[in-house]
Amino acid sequence: MRDIYANASRVITWIGRPDSFSGLAFDTLERFAADDGTLDGSATYQKILDIAEERRAAIKLLTERSYFERVWVIQELVVAKRATIFCGSLSIAFEKFYLAVERMTGSGFYPLSAATMNITYLGDWRSYYLEMATPGRREEREEMLGLSLFMDSRDRKATNLRDKIYSLRAIAYEDLASGIRVDYSHDNSVERVYTDFTKLVLKICPDLRILSAVIGRHRANTTLLLPSWVPDWSQPKYGGGILNRY
């Protein structure tokens with residue numbers, strides 16, 4: 001699937017039918033994506049104060065659509081040469097979408113939220129993936145497309161809990177990706193997938209940062225029977241996400 005998306009001339013992402021606020025949301029995105037002479041879009045913010053609340057409500061409805069919560073969408077947007085977001089007949093290039101969200105939050109027009117972070121992460125991962133072949137940035141790529149990739153995407157949803165690992169294999173850095181064996185057989189349980197992934201990370205990483213992904217309160221909210229040293233990737237971060245080096 002990664003090869004299909006990567007070799008397509010353009011990936012068209014349809015996030016659903018428009019609602020009565022969608023037109024205003026796309027207009028707001030286009031305004032913030034345009035160069036207004038500032039880095040954070042603050043000049044644009046000053047120009048739309050008259051209906052700022054309506055625009056914020058429209059952006060909230062758009063960015064909180066379920067499409068952006070799914071773990072599988074990461075792959076299709078990250079590897080695409082060109083990606084375009086469609087909502088009904090409304091459309092915007094993903095690069096402009098990402099830039100607009102960055103400027104909306106940077107200017108204070110729109111607050112940082114789980115929804116805006118989902119989009120920001122997509123844009124960041126896309127930049128690192130597309131620059132994968134750039135010499136001299138291996139350590140930086142391994143940081144962003146390694147354990148941090150799995151940590152920062154654990155709030156996203158997957159119907160099959162094994163996909164919290166499998167869906168990210170295609171964009172993870174080489175050493176990590178090559179060690180993930182995709183197996184949907186009945187014998188390969190979610191617990192086994194998470195445990196094997198943890199063993200893989202412990203084997204190839206020179207530190208114990210993956211232990212930072214183990215969150216105690218997960219034990220009270222899960223049906224999975226995992227060793228104490230294995231993170232439960234089916235559970236959200238609960239505001240955590242800092243990877244400490246030991």
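These exercises walk through a predicted model of one protein chain.

Residues are numbered from 1 along each chain as its sequence is written. Local features need a pLDDT of at least 70, side-chain atom pairs count only at pLDDT 80 or more, and totals for chains, interfaces and linings use all residues, while side-chain values use heavy atoms, with hydrogens and water left out.

**Exercise 1. Find which elements have the lowest and the highest mean pLDDT.**

Step 1: recall that pLDDT is the predictor's confidence in each residue, from 0 to 100. Step 2: begin with the whole chain, which averages 91, with 93% of the residues scoring at least 70. Step 3: turn to the elements, where helices (H or I, at least four residues) and strands (E, at least two) are DSSP runs numbered from the N terminus. Helix α8 (residues 138–144) has the lowest mean, 72, and strand β3 (residues 90–93) the highest, 98.

**Exercise 2. Work out how the radius of gyration of the protein chain sits against the globule rule.**

Step 1: count the secondary structure, which comes to 12 helices and 3 strands. Step 2: compare the radii. The radius of gyration is 19 Å, close to the 18 Å that the globule rule gives for 246 residues, so the chain is as compact as a globular protein of that length. Here the radius is taken over C-alpha atoms, and the rule is 2.2 Å times the number of residues to the power 0.38. Step 3: add the box, roughly 55 × 40 × 35 Å along the principal axes, that the C-alpha atoms fill.

**Exercise 3. Describe the surroundings of Cys 87.**

Step 1: locate Cys 87 in strand β2 (residues 83–87). Step 2: decide on burial. Cys 87 has a relative accessible area of 0%, so Cys 87 is buried (buried means under 20% relative accessible area, exposed over 50%, partly exposed in between; 1.4 Å probe, protein chains only). Step 3: list contacts, meaning heavy atoms within 4.5 Å. Leaving aside residues up to four places away in sequence, Cys 87 touches Ile 15, Gly 16, Arg 17, Pro 18, Ser 22, Phe 26, Leu 62 and Arg 65. Step 4: take Phe 26 from that list; Phe 26 and Cys 87 are 61 residues apart along the chain, yet their C-alpha atoms are separated by 9.2 Å.

**Exercise 4. Is Leu 145 buried or exposed?**

Step 1: place Leu 145 in the loop between α8 and α9 (147–152). Step 2: read its relative accessible area, which is 0%, so Leu 145 is buried. Step 3: set this beside the whole chain, where 49% of the 246 residues count as buried.
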